[in-house]
Amino acid sequence: MSLGRYALRRFFGMAPVFFIVLFTVFLMLHLIPGDPAKNILGIMATPERLEQLRDALGLNEPIYKQFYLFLAQLGHGSLGMSIRYKAPITELIFSRLKVTLSLVIMSAVFCVIISLPLSLWATKHRGKAPDYAVRVSSLFIFSMPEFWTGLVALNIFALRFGLFPTRGWGVGLLDNLHHLFLPSLILGLFLTALVTRALRSDMLEVLRKEYIQTAKTYGFSDRTIYLKYALKNALLPTITVLGLNLGWLLGSTVVIETVFSLPGIGAMLLDAVIVRDYPLIQGISLIFALAIMLNNYVVDMLYGLIDPRIYR
Amino acid sequence: MRRLVVVLLMSLALLITVVGLGAAESVLRVAWMSEPKTLDPVGPSDNPTLWALHNVHDCLVRVSDDSTYIEPDLAELWEISDDLLTYTFHLRKGIEFHNGKEVTAKDVVFSLDRTRDPEQCPYSDMFKPIEEIVAVDKYTVAIRLSAPYAPILADLAMFNAAIIPEEYFLAVGGTQEFGRHPIGAGPFKFEYWKPGEEIMFSKFEGYWREGQPKVDKLVYYIMPDATSRSLAVRAGSVDVAVYIPYGEIGTLSADPNVKVSVDTIWRHDFVKINCGIEPFTDAKVRQALNYAVNKQGIINSVLFGYGEIAPSYMPPVLYFNDELDPYPYDPEKAKQLLKEAGYEKGFKTSILATAGEPVMVSIATILQQNLRDIGIDATIEKVEEGTRWDRLIAREYELSPDYYTSDILDDDLLTDFGISYAGNQAYFSDYHNPRVEELYALGRVTLDEGARRDIYHEIQRLAHEDAAQIFLTTTPNPTAMRTNVYGFLVPANDFYRWEYVWIEE
Amino acid sequence: MHKTTIGTIMSRYIVPFFAGEDTTRWETLKNFIKNPNSKAGLIMIGILTFVAIFAPLIAPYDPYRQNLSESLNPPSLTHPFGTDLYGRDVISRVIYGAWIAVKICVIGIGIAFIIGNLAGALSGYYGGWIDAIIMRIVDSIMSFPFLVLVIAIMAIFGPGLKNLYFAIAIVSWCQYARIVRSKYLSEKEEEYVRAAKAIGFSDTRVIFGHLMPNSIMPTIVYASLDCALVILLAASLSFIGVGAQPPTPEWGAQIAEGRQFLQVAWWVATFPALGIMYAVIGFSLLGDGLRDLLEK
């Protein structure tokens, strides 16, 4: 089939998953053991306050009706109202979107910048010192909890050397980038470790492939081979690994935004948990899930573009 | 001719340099702990807001720099009638608000009428004894009381008794707009407010105190994380960091670019006990709690040695009863008391703390361990500050570490707020001792200092015996600043006097 | 029925690792021990498990005992890792943290492993609508970032270690299901399976007796790597406050407590971090070694 039909098929194939995701998010409010209102307000809340909250959340309606209302609300492009901020959730998420998005993009950029040359270098000297060095250091970096690495970086580079601001988002593009540098670097490093560990075997795979052998017999220099073919073929796995790990990346934003006090969506999710703002938790979870679904779809398509054998 | 040109050029150069130097603005950057809710003096009740109001607003009177007496502010002198019922204030003439309008008696009447309006001001209770406020003439105001009221002068020095311009307030349509764009008679003018990030004030050139403020601009950066604040002052991105963690005082002092000022303030740290529910209705149980907590241990660890153990509900404000001995750390005695109260097997309870408040959480953790040692099983519940406040008011708590500060140079405020039932139900703890109520009412109308001292000493003694709270400590206020910051002063009510501060380049 | 089941388990899963007659599996085991990754990993995890299980005997102090006059003491002879804010001994807390980490891995991943294998088996073997449903559920769960889903679950059921096990299990089983399913799909048409079915063995017997022994290896590999991820996940959760609650000496929670003192008392947050690193490296090496084994 053609790429177009594959694209459509995959798109509609997402529908049941999408539905289950919606249902799961909807359930979040209703799986709360006992009375959700009591859980939000605390066990000693007065009956009046409890009833007030139940009305506001629509908990007194039968469950199928609530789900219908939930879907209808979604259809209107609304995710409901946040209990804590008393503002529409879509607005809240949108206002913080640029922070988290910038963090994610910059981390991915750092990752690609660091991991590609590193992997190439390691594979070139396969089995020798650089190879081991890269492998060992990626293992080390991978094993360090990101929040701890973030804290240490904050303490050393932002404090001791005063190179970076210690919190917040800053004003203006240049300032924003300055604030983002350290957090994205930390995340990017972690991603690099992930990718390097995954990439290595892929690169070996590629290098063992016949057509590179063939290229060699035609007399192309080493350098040309590595750069043209190896890199091009390594790019795909890198993107794939990055794409597959978007989930991890989005989850990490919660932790990194907290450590660096960035006003992003991840930090807001944590706040929402502390104050038990369940509508907000639901909204953010849904947005993240949608982002990942979309991302998986795009990665699949990219994969299809580059290697059409997948869907034939 | 050439010489003339040279002279002119040199004068021009000199002029430019002088103007340039003069034009180099000094900006005082302060790392502030939390975003103020408004800059309208009437309405707010949370400390970070109160402590920011003083930049923009002045009152009739104020607390002296050394926090021991009340001194003139916008009012240059006052008289008290013989029957103690009328206070007549004489305003300084020619004082301007930030918009150039003169401060007159009409503004005073308007402002103070708002302050004593229960609909607008959470502290209106304190001004209940005021029967009426009258503008006698353009610069004279008479305040008539219904009965002698000792705290009145101290109350008028409070943040919410600030004098605001009536005309402007009404013109902008009330507190919503006024709170975001305030005009006052204080040393700094409000410039702009970036929600969640910063508030900028600038020097009010027409401020009536000569030579103040010394800096051209004052900016508050909102930085809720205490560690970030101290990191910022070390890095030099701010000049002053308020309320730095006690643990950093050592490191900051050791830094050659930073100095730390540890100032006494009217602050009392304690653990609230919900006296209205079992088993805390029994005084013996509450006393047991006081014996069970290792208060010196808390000072040594959480406060890094700063602070004094508190014997009762009052920190040293006016009539501190220093004859009271604080409860010693005696877990055996605690267990004994529990047994007498019938709780030999202990019981379960919960401690409500604010997430993200390291000192509070640390106190809760130590408390949990101390309670475990005497057989009480406590879980720690961490919630957001707003939620905790709601739950305190709704009595949905059992124990909760907390603190309060006195905003006035008088014991009445904390007695009203913290221990009297008539005030706030003893700060939402439902502690109710009729004798305390009697004395509290008496203390307000007694003007004789000796008699008042005895009254407040007695209230403190009663609260101590009844163990109305788990009394913890009187804690000082640590501020860190760059070494080139001079003139820093914060009186014991935490109303920072930034107008005294200057920066040497 | 019981005897046969035990017999099957013994003969198909356990004995082959030790029996001399089945040379391939014996060789496999030898290769496993020779591989530097798995050797290192096995030793590291071995030590970790030992320390974890014998924590009460190894730890010099009670990890919960506060001693406020010894607050924030630097590492010394009496306290090799120093003390924290409440005077609690850090090395004891790190040791008990190992026990908690092991518990999280065993219980959390244990449950995920079982559920995942079963789900994958059903999905791969029966196909059809069972497969469709299970895979849709798997896809849905995997559409959420792990951390976010676990945070949401903890928000619903409340913080604490017990809920953490549960949350981790719910989120982790999916990958196992996928691995098992794809293995089953490829093995289903093999000779030995067709033969077993032809003989008339029940489905259960075919699944547990024939297919599962062949598919379990990849899941074990994944489980080992998963342990590494789960330890990091649990630490992050405790760090932000929704995982283990104070005074539980979970490594992430300890870092959270020590965070404010990184400048003045680095040891409170650093040693638990080293603990995490050790465990993660150990499990990763073990997993890498197992994977090398599998790919040979």
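Buried area is the accessible area, for a 1.4 Å probe, that two parts lose on being put together, summed over both. The model shown in these views is predicted.

**View 1. Domain 1 of chain A packs against domain 2 of chain A, burying about 1,700 Å².** Chain A splits into domain 1, residues 3-75, and domain 2, residues 89-310. Domain 1 of chain A brings 21 residues to the contact, and domain 2 of chain A brings 15. Carbon and sulfur atoms carry 76% of the area buried between the two domains. The rule finds 0 salt bridges across this interface of domain 1 and domain 2 of chain A. Polar contact links 3 residue pairs between these domains, both residues being at pLDDT 80 or more. On the domain 1 side, helix H1 (3-30) and helix H2 (36-41) of chain A each supply at least two residues. H1(A) gives the most to that side, with 15 residues.

**View 2. Chain C meets chain A over a buried area of about 3,700 Å².** Here 39 residues of chain C are in contact with 44 residues of chain A. Carbon and sulfur atoms give 79% of the area buried between chain C and chain A. Across this interface of chain C and chain A, the rule finds 0 salt bridges. The rule also finds 1 residue pair in polar contact between chain C and chain A, both at pLDDT 80 or more. Five elements of chain C each supply at least two residues to the side touching chain A: helix H6 (128-142), helix H7 (146-157), helix H10 (203-240), helix H11 (251-258) and helix H12 (267-295). H12(C) gives the most to that side, with 10 residues.

**View 3. Chain B and chain C bury about 1,600 Å² between them.** The contact joins 23 residues of chain B to 16 residues of chain C. Carbon and sulfur atoms account for 57% of the area buried between chain B and chain C. B:Ser301, B:Thr365 and B:Gln369 together supply 26% of what chain B buries against chain C, more than any other three residues.

**View 4. A salt bridge joins the side chains of B:Asp373 and C:Arg65.** The N to O distance is 3.1 Å. The count between chain B and chain C is 1 salt bridge. Polar contact adds to the picture: the rule finds 4 residue pairs across the interface of chain B and chain C, both at pLDDT 80 or more. Helix H7 (226-235), helix H10 (295-301) and helix H12 (358-373) of chain B each give two or more residues to the side that touches chain C. H12(B) provides the largest share of that side, 9 residues.

**View 5. An open sheet of 4 strands in chain B runs in the order E4-E5-E7-E6.** The pairing is antiparallel. Strand E4 (75-80) and strand E6 (130-137) of chain B stand at the edges with a single partner strand each, so one side of each has no neighbour in the sheet. Neighbouring strands of the sheet are turned by 20° against each other on average, direction ignored.

**View 6. Strands E5 and E7 of chain B pair in the antiparallel sense.** Strand E5 covers residues 86-91 and strand E7 residues 140-145 of chain B, with 5 bridges between them. B:Phe89 has B:Val141 of E7(B) as its bridge partner. Helix H3 (105-115) of chain B lies across E5, E6 and E7 of chain B. Helix H3 of chain B runs at about 165° to E6(B).

Key
Residues numbered from 1 in each chain as written. Chains lettered and ligands numbered in written order. Predicted model: local features only at pLDDT ≥ 70, side-chain atom pairs only at ≥ 80, totals over all residues. Heavy atoms only, no water. Pairing = 2+ DSSP bridges. Axes fitted to C-alpha atoms, helices over the stretch in contact; angles between N-to-C directions. Contact = heavy atoms within 4.5 Å. Domains from an automatic or database assignment. Salt bridge = Lys/Arg side-chain N within 4 Å of Asp/Glu carboxyl O. Polar contact = N/O pair within 3.5 Å; in protein donor to acceptor, adjacent residues only side chain to side chain.
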